[in-house]
Amino acid sequence: MKLLMLGGTEFVGRAIVEAALERGWEVTVFHRGRHEAPAGAVSLIGDRTAPDGLAALATGSWDAVVDTWSAAPSAVRDAARLLADRVGRYAYVSSRSVYAWPAAAGLAEDGPLVEGSPDDGDVPYAEAKRGGELAATAAFGADRTLLVRAGLILGPYENVGRLPWWLGRIARGGPVIAPGPRATTVQYIDVRDLAAWTLDAVAAGLSGPYNLVSPPEHATMGELLDACVRATGADAELRWTDPEALLAAGAAPWTELPVWLPPGEMYDAMHTADVSRALAAGLRCRPVEETVADTWAWLRSLGGVAPQRPDRPGAGLSPEREAEVLAALTKG
């Protein structure tokens with residue numbers, strides 16, 4: 001197949017490009033030139049936010065396009081309109097954030113959605129992703145548009161800092177705040193499993209929305225952090241702490257303690273999605289141990305420092321905040 005990747009030099013886009021190249025697909029990557037595209041891909045340089053920024057896409061035809069854009073929906077609109085007559089299918093990597101808050105436990109693809117518009121400029125993330133969905137569907141039609149509603153994405157190339165923070169902190173050793181309970185299940189998708197499923201779905205001609213995260217029983221917080229200890233080989237002591245104590249000590253779920261959420265609306269929204277539709281369409285999720293070990297190997301190849309998206313705040317407790325939280329837990 002001939003694939004056009006909009007983006008494709010970092011995290012999700014890069015994983016999709018590499019997976020497509022491994023399949024022997026012809027891959028063209030449209031990007032801004034800030035990072036090199038994977039070897040074997042054809043590069044087209046342009047900035048979709050600039051005037052005439054899509055000029056490099058004025059000619060050419062492809063079987064499918066994959067787009068991971070998460071900012072102004074108007075950029076998806078413009079690209080989709082330009083490509084609609086020359087590309088077979090449009091796969092838009094969206095987000096489960098498009099569901100209206102609070103997303104109920106066990107929510108499937110037919111849940112209520114936030115408002116969005118394909119003509120929007122800069123809007124909050126949820127509205128941006130929903131507007132992107134609408135933009136792609138308006139240009140390609142529902143039968144030629146695949147909406148990949150990803151949840152938490154982990155794995156090599158991560159430039160958001162969640163799993164890299166846990167690995168880096170545990171690698172330093174010593175007592176580590178471990179947000180409990182250990183048996184709390186967490187939903188995420190390894191970026192390579194997302195890539196494989198998306199390419200399979202495009203090749204099979206699938207359309208419509210799919211929640212794309214692991215089944216709820218796939219992994220627990222304990223299994224995730226234990227895998228980090230094993231992968232790093234560190235002398236770290238996981239100090240499992242109840243949610244109530246962590247919240248009383250001022251620890252912020254998700255941001256200061258990545259991946260973890262205490263029981264409640266946020267946990268239900270993030271870690272209990274119904275993924276039966278994606279599973280029926282062939283979703284396969286590798287073991288958490290593999291995701292963690294491969295991410296650690298990638299981090300070590302970079303000297304232990306992961307790239308960080310400039311539009312996302314860094315994740316995890318700073319050493320100073322960790323000391324404050326530990327002190328508050330001790331007093332409690």
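These are short exercises on a predicted model, each with a worked solution.

Residues are numbered from 1 along each chain as its sequence is written. Because the model is predicted, local features need pLDDT of at least 70, side-chain atom pairs count only at pLDDT 80 or more, and totals for chains, interfaces and linings use all residues, while side-chain values use heavy atoms, with hydrogens and water left out.

**Exercise 1. Cysteines**

Find how many disulfides the structure holds, and explain the result for Cys228.

Solution.
- Start with the criterion: a disulfide is a pair of cysteine sulfur atoms within 2.5 Å.
- Search the whole structure: the count is 0.
- Check Cys228. Its closest cysteine sulfur belongs to Cys285, 18 Å off, so the two are too far apart for a bond.
- Check Cys285. It is in no disulfide either, with the sulfur of Cys228 as the nearest one at 18 Å.
- Add the surroundings. Relative accessible area sorts residues into buried (under 20%), exposed (over 50%) and partly exposed (in between), using a 1.4 Å probe and protein chains only. Cys228 is buried at 0%. Cys285 is partly exposed at 24%.

**Exercise 2. Backbone outliers**

Locate the cis peptide bonds at Pro102 and Pro181, then place Tyr157 and Trp254.

Solution.
- Fix the elements. Helices (H or I, at least four residues) and strands (E, at least two) are DSSP runs, numbered from the N terminus.
- Take Pro102. The bond from Trp101 to Pro102 is cis, with omega near -5°. Pro102 sits in the loop between β5 (87–95) and α3 (125–140).
- Take Pro181. Gly180 and Pro181 are joined by a cis bond with omega about -5°. The loop between β8 (174–179) and β9 (185–186) holds Pro181.
- Turn to Tyr157. Its phi is positive, near 80°, and it is not a glycine. Tyr157 is in the loop between β7 (153–154) and α4 (162–171). At 23% relative accessibility, it is partly exposed.
- Finish with Trp254. This non-glycine residue has a positive phi of about 75°. It lies in the loop between α7 (243–248) and α8 (265–271). At 16%, Trp254 is buried.

**Exercise 3. Two buried polar residues**

Describe the settings of Asp190 and His271.

Solution.
- Note two cut-offs. A contact means heavy atoms within 4.5 Å. A polar contact is a pair of N or O atoms within 3.5 Å; within protein, one must be able to donate a hydrogen and the other to accept it, and residues adjacent in sequence count only if both atoms are side-chain atoms.
- Place Asp190: strand β10 (residues 189–190). It is buried at 1%.
- List its contacts. Beyond residues up to four places away in sequence, Asp190 touches Leu154, Arg286 and Thr291. Its side chain makes a 2.6 Å polar contact with that of Thr291.
- Place His271: helix α8. It too has 1% relative accessibility and is buried.
- List its contacts. The His271 side chain reaches the backbone oxygen of Val259 at 2.9 Å. Apart from neighbours within four places in sequence, His271 contacts Thr185, Val186, Gln187, Trp254, Val259 and Leu261.

**Exercise 4. Helix pairs**

Classify the crossings of α2 with α3 and of α1 with α5.

Solution.
- Define the geometry. Axes are lines fitted to C-alpha atoms, for helices over the stretch in contact; angles run from 0 to 180 degrees between N-to-C directions.
- Define the classes. Under 35 degrees is roughly parallel, over 145 roughly antiparallel, 65 to 115 roughly perpendicular, and the rest oblique.
- Work on the first pair. The axes of α2 (residues 73–83) and α3 come within 8 Å and cross at roughly 15°. Therefore α2 is roughly parallel to α3.
- Find the residues. Among them are Val76 and Ala80 of α2, and Gly131, Gly132 and Ala135 of α3.
- Check burial. In α2, 8 of 11 residues are buried. These buried residues pack against β1 (2–6), β4 (62–67), β5 and α3.
- Work on the second pair. The axes of α1 (residues 11–22) and α5 (residues 191–204) come within 8 Å and cross at roughly 55°. They are therefore oblique to each other.
- Find the residues. Phe11, Val12, Ala15, Ile16, Ala19 and Ala20 of α1 meet Val191, Leu194, Ala195 and Leu199 of α5.
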